Structure formats: C-alpha cells, structure tokens
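Please open the structure in your viewer and keep the selection panel at hand. The tour goes from stop to stop, and at each one you are told what to select and what is there.

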Amino acid sequence: PPLLCTSPLSHSTGSDSGVSDSEESVFSGLEDSGSDSSEDDDEGDEEGEDGALDDEGHSGMEKTTEEQVQASTPCPRTEMASARIGDEYAEDSSDEEDIRNTVGNVPLEWYDDFPHVGYDLDGRRIYKPLRTRDELDQFLDKMDDPDYWRTVQDPMTGRDLRLTDEQVALVRRLQSGQFGDVGFNPYEPAVDFFSGDVMIHPVTNRPADKRSFIPSLVEKEKVSRMVHAIKMGWIQPRRPRDPTPSFYDLWAQEDPNAVLGRHKMHVPAPKLALPGHAESYNPPPEYLLSEEERLAWEQQEPGERKLSFLPRKFPSLRAVPAYGRFIQERFERCLDLYLCPRQRKMRVNVDPEDLIPKLPRPRDLQPFPTCQALVYRGHSDLVRCLSVSPGGQWLVSGSDDGSLRLWEVATARCVRTVPVGGVVKSVAWNPSPAVCLVAAAVEDSVLLLNPALGDRLVAGSTDQLLSAFVPPEEPPLQPARWLEASEEERQAGLRLRICHGKPVTQVTWHGRGDYLAVVLATQGHTQVLIHQLSRRRSQSPFRRSHGQVQRVAFHPARPFLLVASQRSVRLYHLLRQELTKKLMPNCKWVSSLAVHPAGDNVICGSYDSKLVWFDLDLSTKPYRMLRHHKKALRAVAFHPRYPLFASGSDDGSVIVCHGMVYNDLLQNPLLVPVKVLKGHVLTRDLGVLDVIFHPTQPWVFSSGADGTVRLFT
C-alpha cells in the first residue's frame, strides 16, 4: 500500500546511492537514540491507521515486523522519490554550509541553552554531541592526532570536521588574497568586441529613436532660462584671457611686522675697497717690504696679515704678470655677497637692572654667618661628619683616621678623643636635652657613647636609663644584634653596640630621642632599619626596595619618614604604613637631605651640583632649583631657629642662603643667597664634606677633606 511505501523513507537503512543528505543525517548519529515525543505520536497514528486497515486482527508485534519487512524492500515510488531528492541536493547551488540543519537564518546562539542545535528535513531534533572532554584531553589530542590542525567544528551540527587537502588549499588561497578557483585567471587577454576594422553589417540593427532628430523641449527650456539670465546680468560672459604673462612685486603687500617683512630691511653689501699705493706696479719704496718683513709676513696666519699680497715693483706695465689670486678673490667676493645677508637689527633699549629680580639686600636679612671664627685642628685624615649637642656647647666630629673627637665650641679645644678602630661614616648627637648620648656609624655597627660632658646629672641619668633595661626571656628575632660594651670600652665611653652585618652609611635620631634610623649599604628591603633605644628593638619598616637609599630623615613634628634614593624622595606615614608622597628632584644622584624645622619644606643636594627646594604643600616637583656650586654637593642643612640654610660642596665653599617660609599659605618661600664662605683646602678633589648649624646661634660648622673643622660666625 502507498502508506506503507512512503513512511519508511526516513527510516531506510539501505546503502544505495540515491539516499539524500537528510536521510544520511538520521544514521550519522546526529540525534539521540531516544525519539522525540512528536515522533512517538506520529508512529502511534500510523499504528492506529494500520489497525484500522488490518482486517485479520493481527497483533501489534506482527504489524511492526510486517512494516519492517516492507521497509526493507522499498517500492519503486520510494526509490524514485529518494533519487529525485538526492539529485536536487547534488545540483543545489545555494551557499548553505550544511543542508542537514534546516533552522534557516536563525542565530545559533539561541540554541546555547538547549541540548539540540536544530532540526533535520523531517523535523527531528539534531542533538549536540556530548562534550565530556576536558582541556587535558584536548591537549593530548593536539599532541597525538596529526590531523588536529585541520579539524574544525561545524557550527550547524556541533560535530568536528576534518578538512580535506582541497579545502585547506582553498582556505590558504583566500587568506593570501587569491581567487578561490585554481583555474581562474584574472589576467586573461581582453576580447576586443569593437575592432578597428570596418564591417559590412552594423553591430545593432535597431532603428534610431525619435528623440534623436526632434528638438528637445527640456533643452529648449534650459536655453531660454540661460538667455534670460544673461540679459538680466546674472551670468557674465567669459572675457578672453590676456596671453601676455603678468609680473608683480612679490613683497609689495607684505606686512612689515610679518616674518617675511625683514627683507624690507635689506642692507646692500659694501663695495670693495679701491686699490691703494701698495697695489701699484711701481709702488713708492716705503711700501716695499724688506727681507725681515717678508719672512714675518710669510709666518703670519692669512687672517692676521695686513695685506693679502706682497707689494712688488716692475719696470713697466708690460712686465706685470697675471694675478695669481684673481679667481680665489672673485670666489670669496661671491660668497660674501650671497652667504652673508646683511640687515638692520632693531635694538631694544632695556636697562639691564630691570631684568634682575628684585631681591632684598643681604644687610636687611642679617644675622647670618659672614666670616671664619675658629678652626678645630687635630684630625689626621678627612673629617666626614659633624654633630652639635642640643645646648650648643659641645661638638663631635668623626674622621677617617678611626677616631671620634669631642670639642668645646667656644674655645676649639679638643676635650676628648675616642678611638673606634674604623672609618666614622656618620655621627649624631641625641637631640633630647635629658639624654647625653652620641651615635656613631663605624663599619657595620652603630656605637652608642656617653661622652659625659656638661651636666653630670644628665650623664648619670643616661647611664641609669641604659642599665634599667631588662632583656625578655625569649629574645625576639631582629635584623640587628644589641651588645653591651665591655669594661674597657665603658671606660672609653662606649655603652652599647648595635651590629648589623652590613656597612652603615648614616645614622639619625628622631626628634624625641628614643628612635634612631640607620641606612645600610646593601641591596634589598633591609637598607633602612629603625631602632628603639628604650626597648632595644630593631625593625625593618619596608617590604621591598625602591632603589639604593642615600639618606633618611625623620619629620620634626609628624610621624613621617623621608627616604631619599638616587632619583626620588619618598615620604612614608609610619603609623598608617603607607606612601604619602613621592618627590621628583630631577637630579641624577641625590647626595643629601634636610627637612625644615616647620616640616613643610625639604631641600636636597645632588652630585650634579644642584640644590633643590621642595614645598610639600605645593607640588611634588621642585619649587626652586639653585645652581650656585660648581661641583658636587656633599651636605645641606637647615638652621633650627633662623631662616637660614647652607650647602657644602666639593669646590671648597659653603653657601649660606636666606630661606624665609611664611605662615601665609598664599605667599611662596623667599630664597636669597647671602654669603659664600671659603676656607677649606681642596684635598683629593674633595672639599666640604659636612655642614651643620649651631642650635641657637647663627653660626655654621663645616668639616672638610683637609682634616679641619671650621666655625663661621
């Protein structure tokens, strides 16, 4: 029956060549083994119809086997239909990539949340393949499968397809900008349809249009409109051009104030000087050079000679030879005419005094140190560092001769000499007046000494404070070791030794006198350490390094630490443990650092002879850059009370400047250099190595490479 003949069309398992692509998709595993609910309904309807047709009352199982038997032997109409469908798709010229999926022009993203990817020609779902492979399996496939590079995923079915050699070659041709067809030649010779030969028959035998020999009404209307415009004067007829070329003055309408207007100020070249008696062929005898004058003339440079030739005497004009320098002189004259344009220069009458900024006179900015008062002699090598006691009565100096010397400021008398057995890189007197303590950086350790000068009660209380420390039962893990001094060292004044294992380059105290910061000559985040004297604790405040640290300084009023590296100065908040500001000095190598007593301004010295002033409230860029020194700056310092700051350099001079900082935030600091102090002798190309002010008087101390300390008052 026809019903049974046509229904197995989609379920045929025959391997004949007439099977269509849609039939192949059924058996290519594109859908799940379970059938859709619509398919079950269709089959139920077919079974119902079969039951109605079946008069013998066979069971459902027999009907199914009968259908399968009939399906295995397809009728001729089925074969014709399948062959026709296969031919149709074989001749299909559409651009569809896969005719198994019949969803049409629908975005495939709509099927992302569904287990199927579309429907086939019979309306059944095309299920996505199960993707149970992880990235490791894909990587193994990529390594093991030699055809992995030519495997792509079909978006219409979700299946992996292996490209053939022809498809790979087609992709490569398209990627390189070639035509897809190999046999297509884009440069074929053109066919000349209309040749130059006269033919008997015309190309086209079409009769001529009527409009080709009847006047056009549209053109007649256009012409009438143009004639009316010419009569009214709206359209001017073209005048014949004058063939003669016109010349005009290029600079006639030039603005005299413009850039090209300067050519109006052209000055003609001066004429050549007329020849004098020396050029004559028969000059007077006083113009002829003697033998000595001729030798002197020949030894002179050409630019230094009064005459460019030697005067000679000839008996007659016929005996004068050709001038040898004729061509050279003509050439030099031509160069002078076209390579040396002359013009008038507009001179501006400006008083040079008006160009200098108005600064107050130095005598109005007194007091400041002006002359050398005392020289402290005793060191046998260069003096690297200085420090003054809080009261201003005592001075300590550290030298390369391996000793610390304690001086009385007023008399320049060396009160005490403490041998430390190494180069003293830095020394700092404790700023607290209740503590008599000096910190000195010697090689890899910091020495804490009690000089026992001045008030005996203060010196005794300092020893009691240090001896009152009770070490904890479990010593904490610290980056430095605190060692008590031996009895011999205590006799010399040494109380504590802080060992670091790396060379110490600087030591500086906090304003309250309990904390001190040291700089180590090492790489990494342990370049800066902070020690607490009362609890004998050491800590490294930084986790990572930002370059080689040169100098550190505590803020005088707030919990800030300034760290100067080679190219920048960083301002850290110690309580919040964060970076607050980064100052950019615009120098090659920062050498020294000082903080204003008010805390809002910072000065930096550098090895490229610059002194940079920063206003922390203004910007992270320099407020002023001073270049007064000729050589590298070694030290800078602020005065604790007076508006003064000083800088010491390798040129052997100390420059004292007036630096007034106003309470009015709208007024910028006033910086005026007031005095250059000289006295140190240059030794090994080194001059002034350290500069420090007296705590109460407008005096400045300087230490030099000549082994002396000098006081300027």
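In which loop is Arg536 found? Before you look, bear in mind that this is a predicted model. Now select Arg536, and you will see that Arg536 is found in the loop between strand E19 (528-532) and strand E20 (537-539).

**Stop one: Arg536 and Ile498**

Stay with Arg536 and look at its backbone, where phi is positive, at about 50 degrees, although Arg536 is not a glycine. Most residues other than glycine have a negative phi. Arg536 counts as buried, because its relative accessibility is 10% and buried means under 20%.

Next, add Ile498 to the selection, which is found in strand E16 (residues 494-499). Ile498 and Arg536 are 38 residues apart along the chain, and their C-alpha atoms are separated by 9.4 Å. Ile498 is buried as well, with a relative accessible area of 0%.

**Stop two: two more places to check in the backbone**

Select Ala452, which is found in the loop between strand E14 (445-449) and helix H12 (456-467). Ala452 is not a glycine, yet its phi is positive, at about 55 degrees.

Then go to Gln366 and Pro367, which are joined by a cis peptide bond with an omega of about 10 degrees. Pro367 lies in the loop between helix H11 (352-355) and E7. Most peptide bonds are trans.

**Stop three: the hairpin of E10 and E11**

Select residues 403-408, which form strand E10, together with residues 413-419, which form strand E11; these two strands pair in the antiparallel sense over six bridges. If you show the side chains, you can find Trp407 standing opposite Cys414 in E11. Four residues lie between the strands of this hairpin, and within the hairpin Ala412 takes a positive phi near 60 degrees.

**Stop four: the cavities**

How many cavities of 30 Å³ or more does a search of the whole structure find? The search finds three. Rolling a probe the size of a water molecule over the atoms shows where empty space is left.

Keep E10 and E11 on the screen, since each of these strands supplies at least two residues of the lining of the second largest cavity. This cavity has a volume of about 60 Å³. To outline it, select its lining residues, among them Val396, Leu404, Leu406, Arg416, Val418 and Val438. By class, the lining of the second largest cavity has eight nonpolar, two polar and one charged residues.

Move on to the largest cavity, in which about 140 Å³ of space lies. It is lined by 14 residues, and those closest to its centre are Phe542, Ser545, His546, Val549 and Val563, so select these five to find the middle of the space. Strand E22 (560-565) and strand E23 (569-573) each supply at least two residues of this lining. The classes in the lining of the largest cavity are five nonpolar, seven polar and two charged residues.

**Stop five: salt bridges**

The count for the structure comes to 21 salt bridges, and a few of them are worth selecting one by one.

Begin with Arg684 and Asp381, which form a salt bridge whose closest N and O atoms are 2.8 Å apart. This pair links distant parts of the chain, 303 residues apart, with Arg684 in the loop between strand E32 (670-678) and strand E33 (688-693), and Asp381 in the loop between strand E7 (372-377) and strand E8 (383-388). Is Arg684 buried or exposed? Arg684 is exposed, with a relative accessible area of 58%, whereas Asp381 counts as partly exposed at 22%.

Now select Arg497 and Glu489, which also form a salt bridge, with the closest N and O atoms 2.8 Å apart. Arg497 is partly exposed, with a relative accessible area of 24%, and Glu489 is partly exposed too, at 25%. From here, go to Arg206, Asp209 and Arg211, which are joined into one network by salt bridges that share partners. Within this network, the side chains of Asp209 and Arg211 meet at 3.4 Å, N to O.

**Last stop: a record to compare**

Finally, select residues 376-417 and 626-656, which UniProt lists for "repeat: WD" in an unreviewed entry. Over residues 626-656 the chain is 0% helix and 55% strand, and the end C-alpha atoms are 12 Å apart.

Note on methods. Residues numbered from 1 in each chain as written. Predicted model: local features only at pLDDT ≥ 70, side-chain atom pairs only at ≥ 80, totals over all residues. Heavy atoms only, no water. Pairing = 2+ DSSP bridges. 1 Å grid on protein atoms, 1.4 Å probe; cavity = no way out; pocket = protein on both sides within 12 Å on 5 of 7 lines; lining within 4 Å. Points joined across faces, edges and corners; volume = space filled by probe spheres on them. Nonpolar A, V, L, I, M, F, W, Y, C, P; charged D, E, K, R; others polar. UniProt positions renumbered as here; feature names shortened; annotations may be inferred. Salt bridge = Lys/Arg side-chain N within 4 Å of Asp/Glu carboxyl O. Buried < 20%, exposed > 50% of the residue type's maximum accessible area, 1.4 Å probe, protein only.
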